[in-house]
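Q: I am new to reading protein structures, and I would like a slow, close look at one part of this one. Please start from a single residue and work outwards, explaining each term when it comes up.

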Amino acid sequence: MPSYDRLGELLDPAGTVLLTVECQQGVVGPDGALPDLARAARDAVGNVARLVAAAHASGLQVIHAVAERRPDGRGASRNARLFRAAERLPVRQLTGTAAVRVAPPIEVAREDIVVRRLHGLSPVQGTEVDALLRNLGCRTLIVTGVSANVAIPNAVFDAVNGGYTAVVPADAIAGVPADYTDAMIRNTLALVATVTSTDEVLGHLRRWRGTA
């Protein structure tokens with residue numbers, strides 16, 4: 001864990017953005033396409049909701065990254081086994097359906113930005129997110145959501161490659177199996193991101209609110 005002062009410096013609301021990754025009903029909801037992931041992510045999604053609520057109270061910008069596809073499949077990636085398997089799932093992440101709405105208990109405020117991608121594995125590279133972060137003056141990106149198998153490491157690597165400091169609350173991300181998530185955090189994400197906890201981030205956001 002980073003020192004208290006170091007983390008506080010990184011989380012200055014003026015230069016920090018909270019990113020939620022694929023926290024959508026068709027992925028982490030009770031009737032989603034991936035029940036094993038949804039079960040593994042239950043506590044993480046609750047922590048994401050706590051972070052989003054605190055971000056709203058602190059004036060921190062929130063971006064929700066959603067993965068979806070058109071009903072006709074135009075523009076969708078098919079160059080990996082994962083994409084082809086998704087086409088056969090009983091719940092598909094189709095544009096305009098409930099599956100691609102941000103899942104409760106996470107609340108989407110009017111000030112939030114929802115970025116929807118039709119292709120690829122990353123919620124950052126190849127989407128609007130990078131340009132939005134630059135326009136928002138972001139220096140620190142808090143990465144939350146699913147999955148630790150694919151999209152979360154993609155987001156962290158792209159953030160670091162883009163010159164941002166990535167902060168990962170370890171209890172606000174999830175993947176399958178659970179021990180893989182722990183190994184990913186310990187052996188990979190900790191090498192490139194500042195790994196912390198939801199409570200640590202919430203404490204600093206409360207501190208910043210108190211000094212505003």
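Is E22 buried or exposed, and what is its relative accessible area?

A: E22 is buried, with a relative accessible area of 13%; here buried means under 20%, exposed means over 50%, and partly exposed means anything in between, using a 1.4 Å probe and protein chains only. The model is a predicted one, in which local features need pLDDT of at least 70 and side-chain atom pairs count only at pLDDT 80 or more, while totals for chains, interfaces and linings use all residues. Residues are numbered from 1 along each chain as its sequence is written, and side-chain values use heavy atoms, with hydrogens and water left out.

E22 sits in the loop between strand 1 and helix 2 (25–28), where helices (H or I, at least four residues) and strands (E, at least two) are DSSP runs numbered from the N terminus. Its backbone also deserves a look, since E22 has a positive phi of about 50° although it is not a glycine.

Strand 1, which comes before this loop, leads us to helix 7. Strand 1 (16–21) is among the elements that cover the buried residues of helix 7, together with strand 4 (140–146), strand 5 (165–169), strand 6 (173–174) and helix 8. The buried residues in question include A151, I152, P153, A155, V156, D158 and A159. Just after helix 7 comes G163, which takes a positive phi of about 95°.

The partnership of helix 7 with helix 8 can be described in detail. Two packed helices are described by the angle between their axes and the distance between the axes. Helix 7 (residues 151–161) and helix 8 (residues 178–192) pack at an angle of about 20°, and their axes are 9 Å apart; the axes are lines fitted to C-alpha atoms, for helices over the stretch in contact, and angles run from 0 to 180 degrees between N-to-C directions. Helix 7 and helix 8 are therefore roughly parallel to each other, given that angles under 35 degrees count as roughly parallel, over 145 as roughly antiparallel, 65 to 115 as roughly perpendicular and the rest as oblique. Their crossing is left-handed, a word used when the near helix is turned anticlockwise from the far one by less than a right angle. On the helix 7 side the contact is made by I152, P153, V156, F157 and V160, and on the helix 8 side by M184, T188, L189 and V192, where contact means heavy atoms within 4.5 Å. Of the residues in this contact, eight are nonpolar, one is polar and none is charged; Ala, Val, Leu, Ile, Met, Phe, Trp, Tyr, Cys and Pro count as nonpolar, Asp, Glu, Lys and Arg as charged, and the others, Gly among them, as polar.

Leading into helix 8, the loop between strand 6 and helix 8 holds P177, and the peptide bond from V176 to P177 is cis, with omega near -15°. Within helix 8 itself lies Y180, which is partly exposed at a relative accessible area of 34%. When neighbours within four places in sequence are left aside, Y180 is in contact with A148 and N149.

We can return to strand 1 by way of helix 4, which contains V52. At 1% relative accessibility V52 counts as buried, and, leaving aside neighbours within four places in sequence, V52 is in contact with L18, T20, V62, H64, I106 and E107. Helix 4 (residues 42–58) also contains S58, which is buried with a relative accessible area of 18%. A polar atom of the side chain of S58 lies 2.9 Å from the backbone oxygen of A54. Apart from neighbours within four places in sequence, S58 is in contact with P13, L205 and R209.

Finally, a residue from helix 6 (residues 129–135) makes a useful comparison, namely D130, which is partly exposed with a relative accessible area of 26%. D130 is in contact with V124 and Y164, again leaving aside neighbours within four places in sequence. D130 and Y164 are 34 residues apart in sequence, and their C-alpha atoms are 9.8 Å apart in space.

Key:
A polar contact is a pair of N or O atoms within 3.5 Å; within protein, one must be able to donate a hydrogen and the other to accept it, and residues adjacent in sequence count only if both atoms are side-chain atoms.
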